[in-house]
Each structure stands twice: as structure tokens, then as C-alpha cells.
Amino acid sequence: MQIYLPIAEMSVDAFLLVGVGLLVGWLSGLFGVGGGFLLTPLLLLLGIPAPVAVASGANQVLGASTSGMIAQARRNNVDWTMGVVLVLGGLAGSALGISFFAWLKGAGLVDAAVSLFYVIVLGTLGVLMVMESARAIRRRHRRAPPRRLHEHFWMHGLPFKLRFRKSRLFISVIPPLLVGGGVGLLSSIMGVGGGFMLVPAMIYLLGMPTAVVIGTSLFHVVCIAAAVTIMAAWQLGTVDIVLTLLLLAGGVAGAQFGAQMGSRLRGEETRFLLGALVLAVAAMLLWRLTTPPDQLFTLARG
Amino acid sequence: MMRRRLPLLSLLLLALGWLWPGGAARAQDLVARLSVERVELSTTFAGASVLVFGASERFLGPGGAEVIVVTRGPVVPQVVRQKVRILGMWFNGPAARFPDVPAFYAVAGTLPAWRLLPEPLRERYGIGLDQLPLRSTGARGPAFRAALLRLKQQQGLWQEDIAPVAISGGRLFHLEMPLPSSIPEGLYRVEVLLVDEGRVIAQETLSFEVQQVGTAAAIAAVSRDQPLLYGVICVLLAILAGWLGSVIFRRS
């Protein structure tokens, strides 16, 4: 069934969009990532103009993540205190990232920088996660004695300590602020929500339990996606609500199935699968960067 | 959605009626009309076609006069980017900006226009994709112009002789012009030229409007006129959808 998108100014198959939403929403609920890194390329493949794809994608991620976040909150898996601290850092980081992005654009480096950055960040994260979780899974099978919750190092000596009860942490607010800020900076440069970077950062840098990480990350994604949606609608006029709602029709259902499936997985299994997914996306991007494009020229409004 | 179209035959008979109004008035060389005045972009729009039809008192076809139809949509800016290879990877490279090209352009004739008119005349009337005045800034080179022509044609937004103007009975002509779903809003001008022996002997200019209507138009209007409000609505709708989903798909 063809439906006309008023902002993208073109028509697309409605059922196809619902299917794409279902897939991305499922990943969102399972791993606590927004799924923007997968959604945007898929929408571009359907011929939707890039600015509309990014903005409407953020709007869809907002809806799907709300659904996932509610599901996680019911399982008591959202650390609201940690979430607020991360969002505060994230907003500051995004503001910094936007001006950095403008500078890159002025220097004419933007495409090369973003693409390379993406592959390097994703590749490194993916390898680290797969290796760590594989070790954890092997250790479980050997019935080794459980490790301590997390190792203590210099980070735990910092001031402004705050108790994050759900995360079973009593640490300084500085590391979460820096993590939120760093992810916000990177994600505003790369044009994605940053869930796939935030999840490993919370696990490995902050030492949070995997189950709580997913719910808290979803809270972060909800806040950032809402901010991006409003900015894009206000400043650029590129949010297509018809496109968003079609994607959401599949997305909210997918997020619930993902959350149900995720609750049956162990922490290290979830980390292993997310690591594998991140690696797969990095490989796909690298492949796209290195194979000669079938169209040497591209056309855009401007 | 387009207005319901009358059967082709009755339209052509109507055209004949215009051509010889009661027999008293002087017969006209050329009369042309469109099947629609407005193409409506509603939420179910998936492309449409416009029928250009008319008649001439001259004999049409081999040995007689010929017809050329040129359609131009609103003018838009376009950017063509070239991908370049750096260190074994492909990145967006130089770009050329074409500030004023027609968003839609279609030329069709009873025969290809280059066989009917000499180049100076085709240039004067802007007939044919090779006669579009494509001014550009930024990167130079014929490759960008060629890429613009190729990509626009692939999108179905620029058409040259994809279907001929059909002649019936040596007097009537019609052309079915497809419009892809990505046509933008605006005023579209249709020029119908009657051509004989390498000269334009009669000309009629028609137009139709492409317009968003209903829900699609309302959404586009709010997004344009109240962007901040629109953004807030989008956020609330997405959150509502997320909440609804978590209620509907909840399992105990």
C-alpha cells in the first residue's frame, strides 16, 4: 500500500516501513540502543532524503525507546539518578559537538571524518565487547568463582560522590558526566543517538550491571531523541510525522518483543550479541566505504 | 488524487467542438487542453498522469504538421556531488550547485523534437534536455551536468520522448504524461507547439497546479508555519505511541 509522506514529498510502501520499524524496535528493546545507526541507512536505501531520514529516524527512536524504557522500568531496571546525570553530560557534549561539526564542515573534512570515525569507534567497541563477553561466558562454563562486582581504581577516589542505588554504585558524579558528555559529543558529530556507545561505556567504564544499563541507556536515548526531534522540526523542518508513525507502528511492538527476549538472556550473552551486532555494522560501513559506488554522483536538494 | 477523467473519446470530440464553433468563427490552427487543472497530493498519492489533448485544422502526421509538448515544473536548486577515492575509501568530494533548474521537465512530440525543429529554434523555445540552461556554481566540468541529466531522468522527473504524442484521424492528438510520486508542489506550465517545415506556426500555453491537500497539506502547513509547536507535537505523539505499545503488548 503506497502512502504519501508530506515532508519527504514522496510516496513509499507503508507495510515496508512498518517492517523496518519492527526490526529496529526489536533491537532497541533487546540491547537498549536506539537503533538510529541501522535505521538511517535503511531509510536512505528507500530513497528518503537524508535530512528527513535522520530527523524522522530520531523521532521514531524516541517512540520505540519510550516503549522499551517503560518495559524496563516495570522490571525495575532503570537507574533514574544515573540517567539524569548522563543526560546532563550528554546535552553539554552535544552542544560542544555541534560547534565542532560546524568547524569540520567549514574545513571540508566532514564526510571523511565522520565515516572513518564511525568505523574506528564501532570496530574497537565491537572487538572489546565480543572478547570480554566471550571470556565471561567461558568462565561461567568452567564454574570459576564470581569476580568482584568491579575493580577499584583512581576513578573511585574522585570527589562529589553520589549513591546510585539501582546500579549498586557509590561513585563521584564526574565519570558519568564525562561519559554522557563524550557520548553526546560523538553522537552529535556522527548524527546518531549514541546508545551503542553508551551501553559499553556504562558497563566497562562505570561498572554498572548489564540489566540496569539497558533500561538506563533507554532513558538517555529518550531524552536525547526528544531534543533532536524538537531541534530538527524547529530549525530544519525535516521531521515527517507520517513516516515516524508508520515506523512506530512496527517499532513499539518490536521493542516489547525485544525486551521480553532480553529478560531471558544473561548479561554476558546480551553483551556478546550487541558486540557482534556493532562489529557487523562496522564491517558493513567499511565495505560500503571501500567498494566502488555504483553511482559516482549523487543528487540532493540544496 | 486526480479528478475523475472523462473517456478519451469524449474529450477529443469536445476539442473538435472548440475547433469549429458553429462553423461561423474562423477555424483555429491549434486548440489544446489538459485533463486536469489540479493534481492533488493526498496521503494516498502514488503518482498520476496528465492527459494533454487537442486538435488542429491542419493535417497532422507524415506530410503535414507535427506537435511538440513541453512541460516545466517550478524552479528548484539542486546539488550534484561527486564521490572521490582517498586512501582506498570513497568519500563525497567536489560539488556543483545548480541554483535554478526545473523540478519537472518533460518534452514529447509526434516525432523527436530534434527532427522537427532546427537547433536555434529549439534553443529559443527551450525544447529538449540538451537545451536546458543549466547554470552552475562550484565544481566545474561537463560530468556534473551529465550526472544531473542522468539522475533526474532516472527519477522520472525529467523526461524526453518517453512516449510519443499520438495522432488520430489526422486532426486530433493526445499525450499521456506520467508524473512520479516525488513531484513537488507548484505551478506546471505546458506549452503545445504546432510545427511545420521547421517553423512554429501556432502555440498554446496551458498550466496545472500540483498541490498538497487534506491531511498531508495540514501537516506540511503546521510544520512550515508553527515549527516549534510541530516539533512538540511530534515528540508527544511518539511518546504516546511508545506508551500505547507497552500497554497493548504487555504480558503478565
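This passage describes the interface, sheets, cores and salt bridges of a predicted model with chains A and B.

The two chains share an interface. On one side, 49 residues of chain A take part, in contact with 57 residues of chain B. The size of an interface is often given as the accessible area lost when the parts come together. Here chain A and chain B bury about 4,600 Å² between them. Carbon and sulfur atoms account for 65% of that area. Within chain A, the residues that lose the most area to chain B are Y4(A), F297(A) and L299(A). Together they supply 18% of what the chain A side buries. Zero salt bridges are found across the interface of chain A and chain B.

F297(A) also appears in the surroundings of A147(B). A147(B) belongs to helix 4 of chain B, residues 142-154. Its relative accessible area is 0%. A147(B) is therefore buried, as the cut-off is under 20%. Neighbours within four places in sequence aside, A147(B) is in contact with F297(A) and V80(B). A147(B) and Q82(B) are 65 residues apart in sequence. In space, their C-alpha atoms are 9.2 Å apart.

Chain B contains an open sheet of six strands. The strand order is 2-13-12-4-7-9, and the pairing is mixed. Strand 2 (38-41) and strand 9 (158-160) are the edge strands, each pairing on one side only. From one strand to the next, the twist averages 15°. Inside this order, strand 4 (residues 66-72) and strand 7 (residues 105-109) of chain B run antiparallel. Five bridges join them. V69(B) stands opposite A108(B) of strand 7.

A second antiparallel pairing in chain B involves strand 1 and strand 3 (residues 48-56), again with five bridges. L30(B) has S56(B) in strand 3 as its bridge partner. Strand 1 spans residues 30-34, and four of its five residues are buried. Strand 1 is therefore largely enclosed by the rest of the structure.

Nonpolar packing was examined next. In soluble globular proteins, nonpolar side chains tend to be buried together. The largest nonpolar core of the model has 65 residues. V39(B), I68(B), I127(B), W158(B), V192(B) and F208(B) touch the most other members. Strand 12 of chain B (residues 186-196) gives the largest share of this core, six residues. Another core, of 41 residues, lies apart from it. Its members include M197(A), V213(A), L277(A) and L285(A).

V192(B) illustrates the contacts made by a member of the largest core. Beyond four places in sequence, the residues in contact with V192(B) include L30(B), A32(B) and V52(B). V67(B), I68(B) and V69(B) are also among the contacts of V192(B). Others are F173(B), A202(B), Q203(B), E204(B) and L206(B).

Side chains of opposite charge can pair when their charged atoms come close. The whole structure holds nine salt bridges over all chains. One of them joins R38(B) and E40(B), with an N to O distance of 2.3 Å. R38(B) is partly exposed at 30% relative accessible area. E40(B) is partly exposed at 21%. D130(B) and R122(B) form a salt bridge at 3.7 Å, N to O. Here the partners fall into separate classes of accessibility. D130(B) is partly exposed, at 47%, whereas R122(B) is buried, at 10%. D225(B) and R224(B) meet at 3.8 Å, N to O. D225(B) has a relative accessible area of 53%, so this residue counts as exposed. R224(B), at 56%, is exposed too. Salt bridges with shared partners also join D29(B), R58(B) and D196(B) into one network.

In chain A, E268(A) is a buried acidic residue, with 14% relative accessibility. E268(A) is found in helix 10, residues 267-290. Residues up to four places away in sequence are left out of its contact list. With that exclusion, E268(A) touches S133(A), A136(A), I137(A) and R140(A).

Definitions and conventions. Residues numbered from 1 in each chain as written. Chains lettered and ligands numbered in written order. Predicted model: local features only at pLDDT ≥ 70, side-chain atom pairs only at ≥ 80, totals over all residues. Heavy atoms only, no water. Helix = DSSP H or I, 4+ residues; strand = E, 2+ residues; numbered from the N terminus. Buried < 20%, exposed > 50% of the residue type's maximum accessible area, 1.4 Å probe, protein only. Contact = heavy atoms within 4.5 Å. Pairing = 2+ DSSP bridges. Axes fitted to C-alpha atoms, helices over the stretch in contact; angles between N-to-C directions. Core = buried A, V, L, I, M, F, W, Y, C linked by side-chain atoms within 4.5 Å. Buried area = accessible area lost by both parts, 1.4 Å probe. Salt bridge = Lys/Arg side-chain N within 4 Å of Asp/Glu carboxyl O.
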